[in-house]
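Subject: Structure handover

Hello,

Here is the structure I promised to pass on. Please open it and keep it beside you while you read my notes.

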Amino acid sequence: MKRFILKRLGYAVLSLLLLSLTIFLFVRLTGDPAVLLVEPGASKADLAAIHAQLGLDRSIWVQYGQFMSSLVRGDLGHSFYYRTPVLELYLSRLPYSLLLAVAAMAFSLLVGIPSGILAAVHVNRWWDSAGKIFALLGLSLPSFWVGLVMILFFSVYLGWLPSSGSGTALHIVMPAFALGWYFAAAHMRLTRSSMLEVLGSEYVKLARLKGLPEARVIGKHAFKNALIPVLTLAGINLVIMVNVAIVVETVFAWPGVGRLLAEGIAFRDFPVVQATVLIGGAMIVVVNFFVDILYAVIDPRIRYER
Amino acid sequence: MTRSRACVVALVAAVLIAAAAPAAAQSPAAPVGQITWAVHVTLAPTWFDPAETSGIVTPFMVLYALHDALIKPMPGNAMTSSLAQSWTMSKDGLTYEFVLRKGVKFHNGDVMTAEDVKFSFERYRGASSTDLKAKVARVDVIDPYRVRFTLKRPWPDFMTFYATPATGAAWIVPKKYVEKVGEDGFKKAPVGAGPYRFVSFRPGVELVLEAFDGYWRKTPSVKTLVFRVIPDESTRLAALKRGEVDIAYSITGPLAEELKRTPGLKLTPTYFTFTVWVMFTEQWDPKSPWHDRRVRLAANLAIDRQGINQAAYLGYSKPSYSFVPQGMEYFWPPPPYPYDPKRARQLLAEAGYPNGLDAGDLSAEAIYGAAIGEPVVNYLQAAGIRLKLRLLERVGFYQELGEKKLRPVVQNGSGAAGNAPTRIEVNAVTGGRYAYGAYPDIDGLFSEQANEMNPRVRRQLLDKIQQMIHERVMFAPVIEPAFLNGVGPRPAVNGLGLVANHPYSAPYEDLTLKPRP
């Protein structure tokens, strides 16, 4: 087991190293950030001064070396646009993203799982059709459109909710719905298919043959097992919600990590993009690392196979 | 008699005192209330520091509140003495002396002196700092309220660069405070000499400022200013409709129409030195159809500028016939090109293209390319100049433009501050960052004007240059886009359009709210 964990840890570190190099190189293919920091037509001397200020006048490998040595010391660099430490910026946005992600995830699970169960239990009947329509709408309606319609209806027309920003419980209602809407549909679909698979399995048939009440068969025997893939997906989705809820955060002016990433991309703020992608990547690597270990604990065959 | 006269005098005095009392109680009114803006861009801490001014107008949105300058544009005067009481230029044009206003205090209580002025200039590292500092030989503090700039040689544009938004070098920061807190500390807790002091900043969320009662010009009327970042324009409009904000910047297209229709809201256009024009980058190549002046003229006559204005800006923009904005110093007003597609087709036929011509790409930056480039291409197409619109992302566009890779037709735009020569230098003379070619006679006149200290003679030279650019049809100027904003019912004076060539609210100390009903 120890060898297995060390091996997985090695893969995790290697993944992060590769990610750091990839994002470092790719972000530099997107153009010169100095062009966006000055008015078009700025002199070459002004552009050169900005390159020197931002450290972009050095060779790319020197820049990468400095980036990695700073990274090891926990320094993710200074934002080109904000001129403040990137880690400070990221941490100032993270609580907002976590709050939004948790609220959206709660909504998506509370809606997605029960509707998925109902659709599976009443397969090819009214509930199932309604669930399919819900999933279709959830996956196909763009979240910016859902967000704007909500703002128009609940904020401008009814006047119930603030149109944008953060600060009170009311502020989170619409962004959480707009963000959770898509994921609710995804969770609904997965719950439905997973439940259908489990409901068709031998042990569920046996439970029914034993005369167990249907509610107990579904609630205890089927649901528990069907939930595993849904929760695995939900874990990854939570990381996605935290880091790349760009559209929803922009529409609702929600000051989260997703908007920070969008601003970083728009302004070619290399340190911000590098840090946001790396931290997001690290979250996924860490989640996967622990999931791998959990799988190995649950099913010893996995550690021997690998 | 004496007694009755005394009674009358006493009565009149009592009436006068009674009448004056409410006025006296009202005059030194303390600042009250709050104005909230929905800002279309992400506020950056670099905007709190004049030393970082990047040549774009946006940071001045914040600078006008937090800081003050020796000379700055104010209502009715593009170079108003502010922290400087007066300024003089020596006859030889080599020295500029500024007499400072006495008793001006920064928000931390420090008194502004000439040392702060010298420090702020030397610390300045923003747009054109290299050029500006290369031309200034030294800055001398004559006494605490007198500072002298000595140039290496006469430079007619010194004040254009020093005292307008072309740079932020004349905006004064407190030397002692900056040295004490350091560069990062200053951006976190900026202190200035402006009408509003810094309260808080949450990156990506909002900036909060509070009235500074020690501001030399006057105590502001509104107590709190809040700049909320709302990147999506539909959301900005929704926030304005709900009364969450009082002023929403940048509302365009159909949303601007909706804003105009909404009772209680007002659509307010503002303008700055922003022009969009089309460049013929192959006009110096004899093999290119664009070498023929008639083809370039045909393109100019084929564009319905007023039609574009109406469609994209509800008619609030200004059709443009020069790439130099109308509000710039030394602008020469050219005769307008009429919209005459028939004449355009005739010109093409005379140039040897009776069936029109396939003219290649019109490259443009994505945002203004979609709003303006698309109708331009359609109008040209209708006249027989068949161009394909090629939209490029902003960074890629300006990189390729700077490297002179875009051909044969390019839509360019600039909102850079400065004056006509600074605009011409970048786009129409040899060595200009976006000049694909030039004409020796224009180059010669340009060099001449650059050393001409007599404003009258200089104007004649610059008029001549602009006439030659127009006669040779070097460009197809299109429009000076308006910056459309929404204003809610609460502000009595919103500051929009008060300062010429400034698209945002200013001066903040002049803003007022309507009295509550």
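First, a term: two strands pair if DSSP finds at least two bridges between them. Keep in mind that this is a predicted model.

Start with strand 1 of chain B, residues 32-39. It pairs with strand 10 of chain B, residues 222-229. The sense is parallel, and there are 7 bridges. Strand 1 of chain B also pairs with strand 11 of chain B, residues 247-248. That pairing is parallel too, over 2 bridges.

Now find Trp37(B). What stands opposite Trp37(B) in strand 10 of chain B? Phe227(B) does. In strand 11 of chain B, Ile247(B) stands opposite Trp37(B).

Next, look at strand 4 (residues 84-89) and strand 5 (residues 95-100) of chain B. These two pair in the antiparallel sense, over 5 bridges. Met89(B) has Tyr96(B) in strand 5 as its bridge partner. Strands 4 and 5 of chain B form a hairpin, with 5 residues between them. Gly93(B) sits in the turn and has a positive phi of about 75 degrees.

Last, the contact between the chains. How many residues does each chain give? Chain B gives 41 and chain A gives 42. On the chain B side, the elements that give two or more residues are helix 4 (129-135), strand 10, helix 7 (233-241) and helix 13 (394-402). By class, that side of chain B has 16 nonpolar, 14 polar and 11 charged residues. Strand 10 of chain B therefore comes up twice in these notes: it pairs with strand 1, and it gives residues to the side that touches chain A.

Best wishes

Key:
Residues numbered from 1 in each chain as written. Chains lettered and ligands numbered in written order. Predicted model: local features only at pLDDT ≥ 70, side-chain atom pairs only at ≥ 80, totals over all residues. Helix = DSSP H or I, 4+ residues; strand = E, 2+ residues; numbered from the N terminus. Contact = placed C-beta atoms within 7 Å. Nonpolar A, V, L, I, M, F, W, Y, C, P; charged D, E, K, R; others polar.
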